[in-house]
Amino acid sequence: MKWKTSKISTMRTWGLLLVLIGLGLCVFGTSGIILFGEVGKIIAGVFMVLGMISCFVSMGVYFWVGMLSTNAPVLECPECGKRTKMLGETDRCMYCHTILTWNPDIATTTPAAPNDSESRSVPTQS
Ligand SMILES: [Zn+2]
């Protein structure tokens with residue numbers, strides 16, 4: 001799988017999508033009561049539960065991302081000069097999406113992914 005943005009941004013996007021899906025399911029379920037009457041109440045219940053689960057999952061994702069981003073090393077992007085956070089050995093800059101890596105073996109010479117040839121090394125900061 002190819003990451004278009006940094007991992008933190010991707011997970012935040014998923015968290016937001018899950019909240020929207022969850023709220024959407026709740027609204028859809030509630031409208032089921034109006035549309036289908038008694039049967040709609042069962043449908044509404046199912047959708048409300050699904051919506052709640054989706055909201056809880058997204059809360060978990062947000063919490064997880066928060067934990068990860070506090071532990072993630074902060075560095076200055078060599079391409080755009082802004083401070084970004086990295087998850088794992090290889091990640092993209094949150095601003096210019098340049099692929100950054102801690103591993104000098106795969107930097108510049110060997111692409112991190114088959115389709116990516118823009119890998120750049122990051123000077124290790126203490
Ligand atoms: Zn950058």
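**Questions on a predicted chain**

Me: In what pattern do the helices and strands follow one another along the sequence?
Reply: This is a predicted model, in which local features need pLDDT of at least 70 and side-chain atom pairs count only at pLDDT 80 or more, while totals for chains, interfaces and linings use all residues. Residues are numbered from 1 along each chain as its sequence is written. Helices (H or I, at least four residues) and strands (E, at least two) are DSSP runs, numbered from the N terminus. The chain has two helices and five strands, and read along the sequence its pattern is α-α-β-β-β-β-β.

Me: How far apart are the end C-alpha atoms of helix α1?
Reply: Helix α1 covers residues 7-36, which is 30 residues. The expected span of a helix is 1.5 Å times one less than its number of residues, so α1 should span 44 Å. The computed distance between its end C-alpha atoms agrees with this, at 42 Å.

Me: Which elements do the buried residues of α1 pack against?
Reply: A residue is buried if 20 or more other C-beta atoms lie within 10 Å of its own, exposed if 12 or fewer, and partly exposed in between, with C-beta atoms placed from the backbone. By that rule the buried residues of α1 include Leu18, Gly22, Leu25 and Gly29. These buried residues of α1 pack against α2, β2 (83-85) and β3 (90-92).

Me: Is Tyr62 buried, exposed or partly exposed?
Reply: Tyr62 lies in helix α2, residues 38-71, and its C-alpha atom is separated by 6.6 Å from that of Arg12, 50 residues apart along the chain. Because 17 other C-beta atoms lie within 10 Å, Tyr62 is partly exposed.

Me: Which residues make up the largest nonpolar core?
Reply: A nonpolar core is a set of buried Ala, Val, Leu, Ile, Met, Phe, Trp, Tyr and Cys residues joined through C-beta atoms within 7 Å. Buried residues make up 20% of the 126 residues in the chain. The largest nonpolar core has five residues in all, namely Cys77, Met86, Cys93, Ile99 and Leu100.

Me: Which residue in the loop between β3 and β4 has a positive phi although it is not a glycine?
Reply: Most residues other than glycine have a negative phi. The loop between β3 and β4 (99-101) holds a residue that counts as partly exposed, with 18 C-beta neighbours inside 10 Å. The residue with a positive phi of about 60° there is His97.

Methods: Two residues are in contact if their C-beta atoms, placed from the backbone, lie within 7 Å.
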